[in-house]
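This report introduces one structure to a reader who has not met it before. Please keep the sequence and the view below at hand while reading.

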Amino acid sequence: MSLKPISATLGSHKMNRILEIKGLEGGYGSVQILNGINLYVDEGEFVTIIGPNGCGKSTFLKVLFGLATIHKGTVLHYSSDVSGWRTDKLVERGIAYVPQVDNIFPSLSVRENLQMGGIRLAPKKLKPGIERAVSMFPELELRMNDLAASLSGGERQMLAISRALISNPSFLLLDEPTAALSPKYQQQILTNLDALRSKGISILLVEQNARLSLSRSDRGYIFSNGKVVHTDNAKNILNDPKIGDYFLGLHS
Ligand SMILES: Nc1ncnc2c1ncn2[C@@H]1O[C@H](COP(=O)(O)OP(=O)(O)OP(=O)(O)O)[C@@H](O)[C@H]1O
Ligand SMILES: [Mg+2]
C-alpha cells in the first residue's frame, strides 16, 4: 500500500492555493455586477472562465486586480486577505493582468510599451524583464522599434501578454486574449499560455473560445448573471452535452 504524502494528511494543500474567492460581490461604485462568486485556483493550475456576454467575467478580473469595487466577500492570495488591495501592491505579490481592451498604447513603439509595463521595476530589473518577456514572442523581437499601432491583432495580444510578464508574475489573469484573432493566432496565443504554465505560472483565463481553452485547462467555471452557475474539471465540462450545446456550440 502506498503512503499518502504528508502534505495531503496535514491538509497543507491550502498553502498552495494561489487564489481563493469567497462570496464576492462587487462592481463599479455602487452598481453591483458580481452577485456572490466562489472560485479558487491552485498553484500551477490553468483555470478557464466562460459565460455569455455581459455576465461579469471582465468585471470579476478587474475586481481581482484592484480595478473595480468589492462590496462584500474576500479575495485570498496564498491565504492572505488581499481584498480591495491596490493594483501596484497586487503586482508586488506576483499577480499580473492582461485586459480585454485597451491593453497596449498604439502611439508608442513596441519597446516603449514594454518599458511602460515595467515602469515600477528597478532599472536593473527592467532590461532582463523585457528580454524574458519578448523571448517568448520572436515576432516582437523583430518589431521593437515599430509603433504598436502597426502590429496585427495577434501581435498586439503578444505585446499585451509580454507587458504583463515584465513584472515576472507567478499568477496571470487574462481577459479574452484570442478575441477577434484568426484561428492561427488563437492557437499560437494559447500555445504561449501552455508554455507559461509549464514554467510554473498559474493561469486564470476568461475566454469565448470555450473548446480551445477548456481543452488545455484543469478546471472551468461558467458564469451567468454575476454568479458561478457551474464548475467542474475541464474535461467534464467539455463532455457535458447540455453545456456543450449552449456554450461550446456558440463559441468554438
Ligand atoms: N465601467 C463600468 N461601469 C458600469 N458598468 C459597467 C462598466 N463596465 C462594464 N459594466 C457593466 O457590467 C456588466 C458586466 O460587464 P462585463 O464587461 O464584466 O461582462 P463580460 O462577461 O466580460 O462580457 P463580454 O463577454 O462581452 O466581455 C455589463 O452589464 C456592463 O454593462
Ligand atoms: Mg469581458
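## Basis of the description

Two strands are said to pair if DSSP finds at least two bridges between them. The model described here is predicted. With that meaning of pairing in mind, Ile50 has Ile222 of β9 as its bridge partner.

## The six-strand sheet

Six strands make up an open sheet with mixed pairing, in the order β6-β7-β8-β3-β9-β10. Strands β6 and β10 stand at its edges with a single partner strand each, so one side of each is left without a neighbour in the sheet. From one strand to the next, the twist averages 15°.

Within this sheet, strand β3 (residues 46–50) and β9 are parallel and share four bridges. Strand β7 (residues 171–175) and strand β8 (residues 202–206) also run parallel, joined by five bridges; Leu172 has Ile203 of β8 as its bridge partner. Helix α8 (residues 183–198) lies across β3, β7 and β8, and its direction is at about 155° to β8.

## Strand β9 and its hairpin

How much of strand β9 is buried? Of the six residues in β9 (residues 219–224), five are buried, so the strand is largely enclosed by the rest of the structure. On the side of strand β10 (residues 227–233), the pairing of β9 is antiparallel and extends over six bridges.

Ser224 stands opposite Lys227 in β10. The hairpin formed by β9 and β10 has two residues between the strands, and Asn225 in this hairpin takes a positive phi near 55°.

## The four-strand sheet

A further open sheet contains four strands in the order β2-β1-β4-β5, with antiparallel pairing. Its edges are β2 (31–42) and β5 (80–81); each has a single partner strand, so one side of each is left without a neighbour in the sheet.

Strand β1 (residues 17–28) pairs with β2 over nine bridges in the antiparallel sense. Leu24 is matched with Ile37 of β2 as its bridge partner.

## Helix α2

Helix α2 (residues 57–64) contains Ser58. The helix lies across β1, β2 and β4 (69–77), and runs at about 115° to β1. It is mostly covered, with seven of its eight residues buried. Those buried residues are Lys57, Ser58, Thr59, Phe60, Leu61, Val63 and Leu64. After α2 comes Gly66, which has a positive phi near 75°.

Is Ser58 buried or exposed? Its relative accessibility is 17%, and because buried means under 20% relative accessible area, Ser58 counts as buried. Beyond its neighbours within four places in sequence, Ser58 is in contact with Gln100 and Asp175.

## The magnesium ion

Which residues coordinate the magnesium ion (ligand 2)? Ser58, through OG, and Gln100, through OE1, do so at 2.0 to 2.1 Å. This pair links distant parts of the chain: Ser58 belongs to helix α2, while Gln100 sits in the loop between β6 (95–98) and α4 (110–117), 42 residues apart.

Gln100 has a relative accessible area of 32% and is partly exposed, whereas Ser58 counts as buried.

## The surroundings of ligand 1

There are 13 residues around ligand 1, of which Asn53, Gly54, Lys57, Ser58 and Thr59 come nearest. Ser58 therefore appears in the description of this ligand as well as among the residues that coordinate the magnesium ion, and it counts as buried.

Several polar atoms lie beside ligand 1. An oxygen atom of the ligand is 2.8 Å from a polar backbone atom of Gly54. A polar side-chain atom of Asn53 is 3.0 Å from an oxygen atom of ligand 1. For Tyr28, a polar side-chain atom lies 3.4 Å from a nitrogen atom of ligand 1.

## Gln157 in helix α7

Gln157 is placed in helix α7 (residues 153–165). With a relative accessibility of 9%, Gln157 counts as buried. Which residues does Gln157 touch, not counting those up to four places away in sequence? They are Val98, Asn103, Glu176, Pro177, Leu181 and Ile189.

Note on methods
Residues are numbered from 1 along each chain as its sequence is written. Chains are lettered from A and ligands numbered from 1 in the order in which they are written. This is a predicted model: local features need pLDDT of at least 70, side-chain atom pairs count only at pLDDT 80 or more; totals for chains, interfaces and linings use all residues. Side-chain values use heavy atoms; hydrogens and water are left out. Buried means under 20% relative accessible area, exposed over 50%, partly exposed in between (1.4 Å probe, protein chains only). Contact means heavy atoms within 4.5 Å. Axes are lines fitted to C-alpha atoms, for helices over the stretch in contact, and angles run from 0 to 180 degrees between N-to-C directions. Donors are N, O and S atoms within 2.8 Å of the metal (3.2 Å for Na, K and Ca); water is not among the atoms, so sites may look incomplete. A residue is near a molecule or strand if one of its heavy atoms lies within 4 Å of it. A polar contact is a pair of N or O atoms within 3.5 Å; within protein, one must be able to donate a hydrogen and the other to accept it, and residues adjacent in sequence count only if both atoms are side-chain atoms.
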